Amino acid sequence: MSRIVHLSDLHFGRTDPALFAPLVEAVNGLKPDLTVISGDFTQRARVWQFEEARAFLNRLSGPVLSVPGNHDTPLDNPFMRFLMPWKRYRRFISRELEPEFRSDDMAVVGVNTVNRFAWQQGRMPKHALSRAKKAFVEAGDAARIVVLHHPLEQLPGARKPVMRGASKAVEGFAEAGADIVLSGHIHNTHIAPFTNYPHVLFVQAGTVLSTRLRGEKNSFNLIDIDRDRVEIAALAVDEAGRFAYTPPHVFRKGGEGWIAAGTGTSVAASIAEASSDSALQGEPVLAPPEGELAPMTGQTGEPGRSDMDETINLTPPSPRAARGG
C-alpha cells in the first residue's frame with residue numbers, strides 16, 4: 001500500500017498563518033510516500049509569495065510532486081504572463097512543470113492545465129494523453145494517478161466552468177488506464193468516480209491554507225492506495241486549529257469500476273466515526289498525536305534555496321516589500 005497526501009490551493013499571499021505549523025506537523029506526521037500539490041501556490045504570483053511557498057515546501061519531509069495553478073502566473077502583469085509565465089514558478093517551486101513519479105506501487109503523471117491566455121479557464125495540453133499512456137503502459141501493476149489543477153467534471157453548485165475538452169480528456173485518461181485523477185481549483189472537496197467513467201476516481205482537494213473558503217473548512221486529502229483498493233479521508237481544521245480526520249471514503253475496483261466498499265481499515269478509518277452526513281461541516285475526529293517537525297528539505301530533484309531555510313518569515317511583508325515583487 002502507498003500513501004499520498006494531496007494538498008491544493010495554498011494561495012500564499014492570502015492565507016491563515018495560524019495553520020502553517022499544524023499543516024506541516026500533520027503532513028510530516030502522516031509519513032506519506034509522496035506529497036502531491038495540485039497548484040495555486042500563490043495568490044498573485046508575487047516574488048514574496050513564492051518565497052513563502054518555498055519556505056513551506058522546505059519544511060516537508062519526503063518527495064513532493066507539484067503542478068502549477070492559474071494563480072501561479074501573474075494576473076496583473078500581462079507582459080510577464082504571456083512571455084515568461086513560469087519564470088517565478090521554476091525559480092522557487094520546481095523547474096519541471098509536468099513532473100512524473102514512479103515507485104513499485106504507483107505511477108504519477110503531472111499535467112500543466114494552466115492557460116496563460118485565459119487566466120481562469122484551463123486547457124488540456126495536446127501531449128498530455130500520450131504522456132499518460134506511455135507512463136501507464138510501463139507501470140505494470142502499480143496504481144496509475146494523474147495530477148492537474150483544473151477539474152475535469154462540473155460539480156453541483158460550482159461557479160467555475162470546466163475547461164474545454166474536459167470530457168474528452170477524462171475519456172482519454174480512462175483509456176490510458178488511469179485509476180485516479182487529483183485536482184483542485186474550486187476550493188471544494190469531492191471524492192467519487194467520474195459520472196461517465198466509473199473506472200477513474202475523481203478526487204478534488206479543498207483549499208488547505210487560503211481564507212477564500214467555499215462553504216468548507218480548510219482541508220487536505222489523505223490517500224491510501226493498493227492497485228484495486230483505495231481509502232481517502234479529508235483532514236479538516238477543527239475548532240482547536242488542528243487538522244483532524246473526517247470519515248473516510250473506501251472504494252474497491254471491479255469489472256464495473258470503483259465501487260464504494262464500506263468502512264475502511266487504515267489508521268484514518270480506525271479513529272474516524274462514520275456518523276456525519278457532511279464530513280467537512282460536521283464534527284471532525286482528532287488526528288493521532290503530532291510528531292516532530294522534519295528537517296528542512298526541498299522537493300524531489302529540487303535541493304531548495306540555501307537562503308530560504310529559516311530566514312524566511314511566514315508572515316506577509318510590508319506593502320512596500322510586496323510592491324517590490
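**Exercise 1.** In this predicted model, determine which elements make a β-α-β unit with β2 and β3, and state its handedness.

*Solution.* Begin with the pairing of the strands: β2 and strand β3 (residues 64-67) are parallel and share four bridges. One pair of partners is Ile37 and Ser66, the latter in β3. Next, add the helix: β2, helix α2 (residues 47-57) and β3 together form the unit, and its hand is right-handed.

**Exercise 2.** Establish whether the residues on the two faces of β2 are buried or exposed.

*Solution.* Side chains in a regular strand alternate between the two faces of the sheet. Accordingly, take one side first: Leu34, Val36 and Ser38 are buried. On the other side, Thr35 and Ile37 are buried as well. The count for strand β2 (residues 34-38) is thus five buried residues of five.

**Exercise 3.** Identify the strand of Arg3 and that of Asp224, and explain what their salt bridge ties together.

*Solution.* The side chains of Arg3 and Asp224 form a salt bridge, with an N to O distance of 2.8 Å. Arg3 belongs to strand β1 and Asp224 to strand β10 (residues 219-225), so the contact ties together parts 221 residues apart in sequence. Both residues are buried.

**Exercise 4.** Classify Arg102 by its accessibility and name the partners in its salt bridges.

*Solution.* The relative accessibility of Arg102 is 45%; because buried requires under 20% and exposed over 50%, Arg102 is partly exposed. Its side chain meets Glu100 at 3.5 Å, N to O, and Glu138 at 2.8 Å, N to O. These residues belong to a salt-bridge network that also includes Glu98, Arg131 and Lys134.

How values were computed
Residues are numbered from 1 along each chain as its sequence is written. This is a predicted model: local features need pLDDT of at least 70, side-chain atom pairs count only at pLDDT 80 or more; totals for chains, interfaces and linings use all residues. Side-chain values use heavy atoms; hydrogens and water are left out. Buried means under 20% relative accessible area, exposed over 50%, partly exposed in between (1.4 Å probe, protein chains only). Two strands pair if DSSP finds at least two bridges between them. A crossover is right-handed if, with the strands pointing away from the viewer, the path from the first strand over the helix to the second runs clockwise. A salt bridge is a side-chain nitrogen of Lys or Arg within 4 Å of a carboxyl oxygen of Asp or Glu.
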